[in-house]
Amino acid sequence: MMRGSDFEGLFKPFQLGKLNLPNRIIFPPMGLQVCEDGVPSEAAAAYYARRATGGASLIVTEGVYIDHPSSGDNPLLGRFHGQTAFDGWRNVATRVHEAGGYTVPELWHVGLIYNGPELVTGGKPKFRPELGQVSPSGYIAPGEKVTDGMTQKQIDEVIGSYAKGAKMAKALGFDGIELHGAHGYLIDQFFWSKLNHRSDRYGGDARSRGRFAAEVITECRRQLDPGMPIILRLSQWKMVEYTAMMAESPQELEQVLAPVVDAGVDLFDCSQRRFWEPTFEGSDLNLAGWTKKVTGKPTITVGSIGLDCDLLASLGHGQVAECNLPSIEELMKRFDRGEFDFIGVGRAMIAEPDWPQIVRRGELQKLKPFSMSSLDNALQVQLESKRPKSAAQA
């Protein structure tokens, strides 16, 4: 049994921009699907605040759709446009601050991956031409071209929409922003060579594939106060292909992310299905480890922390993911050697909002298992009639 002192490193402060984070535990973005027409309820605000009270140093909201016609249209997920939605998100920021935490919204554009959450249970992405969907080259999946690639005007419009979201995040009282650049959504579609076939400055080589994300960061930075951090979420795996690789080698990863680093990203949120799995052959470093090594920037590792099955296995099938002590030991071994700087604890903190405090005391036997019913328990509302069984996605 690990003792509280074994987790001491997780409770050292970290200066992220102007934020003095008291520990290294992040509550990552989770697609709750509990909004009403994109507006977070008081229960949702209380849910986020409870994770701050429980000890998470930074709360990242679920992905919120930026103000662009094809950013996404699931009414149960958050939108970041319209006064009613803004009022709801302002309340989220206020409640988290009252609980003593920091919070950022995850700004999101789905690109061509419209029914993303349903992909978890075997669905396929649907092309929605009536919404004016956009992507770098018109590919909805590898080898499946459904429309034309974005024009420069369309690229500029989307970048402007991200910047507008950053401006509103500051106005609503958030502490910075996270950009969703993972899982095959729009920014990630530029990163991934199987979907980015452009030959202009946004494609053609690894460094050019990172230019779109870099320009988004540059314009968002113009809207934020100095010191407000910009976080970028990354992944190798995609909703349309779990075995996909954004980069096939450390050298390619370094080249893709070089423009992003130059643009001033502060932190990388590195999503994996299982944090302990190596990213490239010949090394046991995970995605967060390699990203930190090739960029020099701090990273968050995410993926089945404290659980014995990954995200996809635990959703929609009534399964329970029990706390796995060996995985926590492996987590601390990697953290203590400096492989990454933060850990993102999602499903485990849905099941047990006091996860940081319990781990600090070394009382791992008190951690609760995760199941889909944990979402309802966390929100203290019954939403099963509205929320698909694939609701939580980290």
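This is a guided tour of one protein chain, with a suggestion at each stop of what to select next.

**Before you start**

The model is predicted, so local features are described only where pLDDT is at least 70, side-chain atom pairs count only at pLDDT 80 or more, and totals for chains, interfaces and linings use all residues. Residues are numbered from 1 along each chain as its sequence is written, and side-chain values use heavy atoms, with hydrogens and water left out.

**The whole chain**

Begin with the full protein chain in a cartoon view, where 13 helices and 13 strands can be followed; these are DSSP runs numbered from the N terminus, with helices being H or I of at least four residues and strands being E of at least two. Of the 394 residues, 61% are buried, where buried means under 20% relative accessible area, exposed means over 50%, and partly exposed lies in between, using a 1.4 Å probe and protein chains only. If you switch to a surface, the chain exposes about 14,100 Å², and carbon and sulfur atoms supply 48% of that area; accessible areas come from the Shrake-Rupley method with a 1.4 Å probe, and for residues only the protein chains shown count as cover. Among contacts (heavy atoms within 4.5 Å) with a separation of 6 or more, 73% join residues 24 or more positions apart.

**Stop one: helix 3 and helix 6**

Select residues 152–171 for helix 3 and residues 211–223 for helix 6, whose axes come within 8 Å and cross at roughly 35°. Each axis is a line fitted to C-alpha atoms, for helices over the stretch in contact, and angles run from 0 to 180 degrees between N-to-C directions. Now show side chains: the helix 3 residues in this contact include Ile 155, Val 158 and Tyr 162, while those from helix 6 include Phe 212, Val 216 and Cys 220. By class, the contact has nine nonpolar, one polar and four charged residues, where Ala, Val, Leu, Ile, Met, Phe, Trp, Tyr, Cys and Pro count as nonpolar, Asp, Glu, Lys and Arg as charged, and the others, Gly among them, as polar.

**Stop two: Ser 70**

Next select Ser 70, in the loop between strand 4 (58–65) and strand 5 (78–79). Is Ser 70 buried or exposed? Ser 70 is buried, because its relative accessible area is 0%. Its side chain reaches the backbone oxygen of Gly 132 at 3.4 Å, and among the residues that Ser 70 touches, not counting those up to four places away in sequence, are His 109, Tyr 114 and Leu 131.

**Stop three: His 180 and His 183**

Move to His 180 in strand 9 (residues 177–180), which counts as buried at 5% relative accessibility. The side chain of His 180 reaches the backbone nitrogen of Ala 182 at 3.3 Å. Then select His 183, in the loop between strand 9 and helix 4 (186–191), where phi is near 60°, a positive value in a residue other than glycine. His 183 counts as buried at 3% relative accessibility.

**Stop four: Asp 37**

Asp 37, in the loop between strand 3 (25–27) and helix 1 (42–53), has a positive phi of about 55° although it is not a glycine. Asp 37 is exposed, with a relative accessible area of 52%.

**Last stop: Val 146**

Finish at Val 146, in the loop between strand 8 (144–145) and helix 3, which is partly exposed at 28% relative accessible area. Measure from its C-alpha atom to that of Phe 127, 19 residues apart along the chain, and the separation is 7.3 Å.

Technical notes: A polar contact is a pair of N or O atoms within 3.5 Å; within protein, one must be able to donate a hydrogen and the other to accept it, and residues adjacent in sequence count only if both atoms are side-chain atoms.
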